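Colleague: I am new to reading models of this kind, so please take me through this one step by step. Please explain each term when it comes up.

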Amino acid sequence: MFEGVRVVELAQWLFVPAAGSLLADWGADVIHIENPKGGDPFRGLNERSQAKSDDGRNLAMELVNRGKRSAAIDVGSERGRELMYDLLREADVFLTNFRPGVLKRLGYDAETVHAINPRLVIGRGHGFGVRGPDADKAGYGNSAFWARGGFGHLLTPEGLEYPVMQNGAFGDRAAGLSLAFGVAGALYRRERTGEGSVVDASLLSAAMWLTASDLVLALQGEEPRKYQRANGWNPNPLVDCYRTKDGRHIQLAFLQPDRYLPDFCRLIGREDWLADERFKDMAARQENSAAFSATLEEEFDKRTYAEWCELLETIDVPWAPYQSMEEVIRDPQVVANEYIKPVDAMGGAEYSLPAVPVQIDGNGPSLRRGPEYSEHTERILLEINRSWEDIAELTDQGIIP
């Protein structure tokens, strides 16, 4: 889909590289620019949650840099800036998560870069947006998205001494998807007009989009519903979660309860509910929601999780099991739709990663491994007409490793 599109990515950590990985999945030539002294700091992040492949590859780094090439350049030096400008002259997209003030100081702000290449699509990822008092403030997923964007507040139960924390990069990948969407749209616009664009996305705005239902309530002066336990909050008990005999959980999603309830009642042998004045229609069930919820709880406690799953599979009603991550990766739907795919490790240890969350004509792209640090620096410089003598001199000067 993006074959022939070249992306220069001056970014590190997760948010903007996540956008670049989606473009790379679909065929773009994405050049990940790294610091010649140590590379992208995400390579060295050592957390308990960072999975490693059998040959020691950081799979979190792989996830957001798969399919790319790596070049290490001192982008703040005069000669490094010359190399970057030559790359940008031939590029279609410039992705960056450097803060506006840093970009201006280094010479990679939109005005300067567009003067070099007016057709360039510039995709910028921010913590808090490009304007306002905090435009130059550093932002990460757990700060700009989870904390300031309201997610942590909404999902923390009342009474906890500290808020619930997000799992790694939850906000970064959501914001990265938004930025990739904006860049794709800008490329389409350029094909029609010949003009480059500046695309901005932020962790804060991504959080606001994902919590939009709650923000709409706040905009109307109403208090959004904070975290509730899954069972017992809903005026429609048929859109709720129930515990099985063995302590697992099943989610019912009967948003059209009068349509689905008769078949459900016949399935479990509770046709009496259809004649019960308290439960006979939506209005009655809402008025007696606590009683109906308690009745459903009693019914679900009669069968195990496996028994409920087997039983519910026999009728056409919307429901889902609450699955662990280990169950998700083995889910027949995940397998059938290739939502997890093997990575072409080019002779390295085999491993798999979650696929790009979009398929076209029934297929998603193949996944390629991420680059080693500075793996393609020399090849990329040769592509912009640097000689081997130039490369040796740049190495001696520390501009490249």
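Modeller: Helices (DSSP runs of H or I with at least four residues) and strands (DSSP runs of E with at least two) are numbered from the N terminus. This is a predicted model, in which local features need pLDDT of at least 70, side-chain atom pairs count only at pLDDT 80 or more, and totals for chains, interfaces and linings use all residues. Residues are numbered from 1 along each chain as its sequence is written, and side-chain values use heavy atoms, with hydrogens and water left out.

Colleague: How many helices and strands are there in the chain?

Modeller: As a frame for the count, the C-alpha trace of the chain spans about 85 × 50 × 45 Å along its principal axes. Within that frame, the chain holds 19 helices and twelve strands.

Colleague: What percentage of the residues in the chain is buried?

Modeller: A residue is buried under 20% relative accessible area, exposed over 50% and partly exposed in between, with a 1.4 Å probe and protein chains only. By this cut-off, the buried share of the 401 residues in the chain is 46%.

Colleague: Which strand is largely enclosed by the rest of the structure, and why?

Modeller: The argument rests on a count of buried residues along the strand. Five of its six residues are buried, so the strand largely enclosed by the rest of the structure is S2 (residues 29-34).

Colleague: In S2, which residue is the bridge partner of Arg 6?

Modeller: Two strands pair if DSSP finds at least two bridges between them. Strand S1 (residues 6-10) and S2 have four bridges and pair in the parallel sense. Within this pairing, the partner that Arg 6 has in S2 is Asp 29.

Colleague: What is the average twist from one strand to the next in the open sheet of three strands?

Modeller: The strands of this open sheet follow the order S7-S8-S9, and their pairing is antiparallel. Strand S7 (241-243) and strand S9 (319-321) each pair on one side only, and they are therefore the edge strands. From one strand to the next, the twist averages 25 degrees.

Colleague: Which residue in S9 is the bridge partner of Ile 250?

Modeller: Strand S8 (residues 249-252) pairs with S9 over three bridges in the antiparallel sense. In S9, Ile 250 has as its bridge partner Pro 321.

Colleague: How many residues apart in sequence are the parts that Arg 69 and Glu 383 tie together?

Modeller: Arg 69 and Glu 383 form a salt bridge (a side-chain nitrogen of Lys or Arg within 4 Å of a carboxyl oxygen of Asp or Glu), with their closest N and O atoms 2.9 Å apart. Arg 69 lies in strand S3 (residues 69-72) and Glu 383 in helix H18 (residues 377-383), so the bridge ties together parts whose distance in sequence is 314 residues.

Colleague: At what relative accessibility does Glu 383 count as partly exposed?

Modeller: Its partner Arg 69 is buried, with a relative accessible area of 12%. Glu 383, by contrast, counts as partly exposed, at a relative accessibility of 36%.

Colleague: How many salt bridges does the structure hold?

Modeller: Side chains of opposite charge can pair when their charged atoms come close. One such pair is Arg 190 and Asp 92, whose closest N and O atoms are 2.9 Å apart; Arg 190 is in helix H8 (residues 170-193) and Asp 92 in the loop between helix H3 (78-89) and strand S4 (93-96), 98 residues apart. Arg 190 also meets Glu 191 in a salt bridge (3.8 Å, N to O). For the structure, the number of salt bridges is 27.

Colleague: Is Glu 191 buried or exposed?

Modeller: Arg 190 counts as buried, at 5% relative accessibility. The relative accessible area of Glu 191 is 57%, so this residue is exposed.

Colleague: Which residues does Thr 377 touch, not counting residues up to four places away in sequence?

Modeller: Thr 377 is placed in helix H18 and counts as buried, at 3% relative accessibility. With contact meaning heavy atoms within 4.5 Å, the residues touched by Thr 377, not counting those up to four places away in sequence, are Ser 70, Ala 71, Ala 72 and Ile 400.

Colleague: Where is the place of Ile 360?

Modeller: At 34% relative accessibility, Ile 360 counts as partly exposed. Its place is in the loop between strand S11 (352-354) and strand S12 (367-368).

Note on methods
Axes are lines fitted to C-alpha atoms, for helices over the stretch in contact, and angles run from 0 to 180 degrees between N-to-C directions.
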